[in-house]
Amino acid sequence: MSLYYTQKFLYELNRNEQAQAAYAADRQKAIAEFVSQGAELSAQEAGALSEPNIGLLFHLGVNGQILMHFAALHQIDWQDYLERMRLGIEAHGPVREGVYAVTGYEGTAAHSERLGQAASPAAATTRKGAG
């Protein structure tokens, strides 16, 4: 797994209109061209970038600031973005790598539970419907 290259792809995509146009035209081709320039991406990372799978990318360790712009590119609203991150932790487990793994981030549900707070009703409803 190469968190560095996954984040680099997203960083370039977030900042470069030509990269955005290429990605919009053919996601797999844009990712393949990035890899052909020497980047190392696993099949899991490439798949998550092409879907887009916000929850899996978060689980893999992609920084939320970079991921937030990627979600916006896909017209994913803020609440849905946050919920996709939560569901990614539920589906794939704690963040594997990067700053969130270093800090021991286990997801908002675990954090809320530790603080004695109940999960939001909207999050609980979304989780039930996502199963």
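pLDDT is the predictor's confidence in each residue, on a scale from 0 to 100. The structure is a predicted model, and this score shows where to read it with care. Over residues 121-131 pLDDT stays under 50, and for that stretch the model has nine contacts beyond four places in sequence. Helix α10, residues 121-130, has the lowest confidence in the protein chain, with a mean of 44. The highest confidence is in α2, at 97. Across the protein chain the average pLDDT is 83, and 75% of the residues score at least 70.

The fold can be described by its helices. The protein chain has 10 helices and zero strands, so the pattern along the sequence reads α-α-α-α-α-α-α-α-α-α. Of the 131 residues in the protein chain, 34% are buried. Among contacts with a separation of 6 or more, residues 24 or more positions apart account for 64%.

The N-terminal part comes first. Helix α1 spans residues 3-15 and contains Q7. Q7 has a relative accessible area of 18%, and it counts as buried because the cut-off is under 20%. Which residues does Q7 touch, not counting those up to four places away in sequence? The partners of Q7 are G61, V62, N63 and I66. One of these, I66, lies within the range of helix α6, residues 64-73.

The largest pocket also involves α1. Its volume is about 180 Å³, and its lining consists of F9, E12, L13, A19, A22, A30, E33, F34 and Q37. Three elements, α1, α2 (17-25) and α3 (27-36), give two or more residues to this lining. By residue class, the lining of the largest pocket divides into six nonpolar, one polar and two charged. The charged class takes in Glu, and the lining includes E12 and E33.

After α3 the chain enters a loop that leads to α4, and S42 is placed in this loop. S42 is partly exposed, at 25% relative accessibility. Although S42 and S2 are 40 residues apart along the chain, their C-alpha atoms are separated by 7.1 Å.

Helix α4 follows, covering residues 43-50. Its buried residues are E45, A48, L49 and S50. What covers the buried residues of α4? The cover includes the three helices α1, α2 and α3, together with α5 (54-60) and α6 (64-73).

Further along the sequence is helix α7, residues 78-92, where G88 is found. G88 counts as buried, with a relative accessibility of 4%. Leaving aside neighbours within four places in sequence, G88 is in contact with G55, H59 and G93. G55 and H59 both fall within the range of α5. H59 and G88 are 29 residues apart along the chain, and their C-alpha atoms are separated by 6.1 Å.

Helix α7 also holds charged pairs. Side chains of opposite charge can pair when their charged atoms come close. The structure has two salt bridges in total. In one of them R84 is joined to D80, with the closest N and O atoms 3.1 Å apart. Why can R84 and D80 be described as about one helical turn apart? The reason is that R84 and D80 are four residues apart in helix α7. R84 is partly exposed, at 29% relative accessibility, and D80 is also partly exposed, with a relative accessible area of 29%.

The other salt bridge is formed by the side chains of E83 and R86, at 2.8 Å from N to O. These two residues are three apart in helix α7, so about one helical turn separates E83 from R86. Are E83 and R86 buried or partly exposed? E83 is buried, at a relative accessible area of 5%, whereas R86 counts as partly exposed at 22%. The value for R86 is over the 20% cut-off, and therefore R86 does not count as buried.

Note on methods. Residues numbered from 1 in each chain as written. Predicted model: local features only at pLDDT ≥ 70, side-chain atom pairs only at ≥ 80, totals over all residues. Heavy atoms only, no water. Buried < 20%, exposed > 50% of the residue type's maximum accessible area, 1.4 Å probe, protein only. Contact = heavy atoms within 4.5 Å. 1 Å grid on protein atoms, 1.4 Å probe; cavity = no way out; pocket = protein on both sides within 12 Å on 5 of 7 lines; lining within 4 Å. Points joined across faces, edges and corners; volume = space filled by probe spheres on them. Salt bridge = Lys/Arg side-chain N within 4 Å of Asp/Glu carboxyl O.
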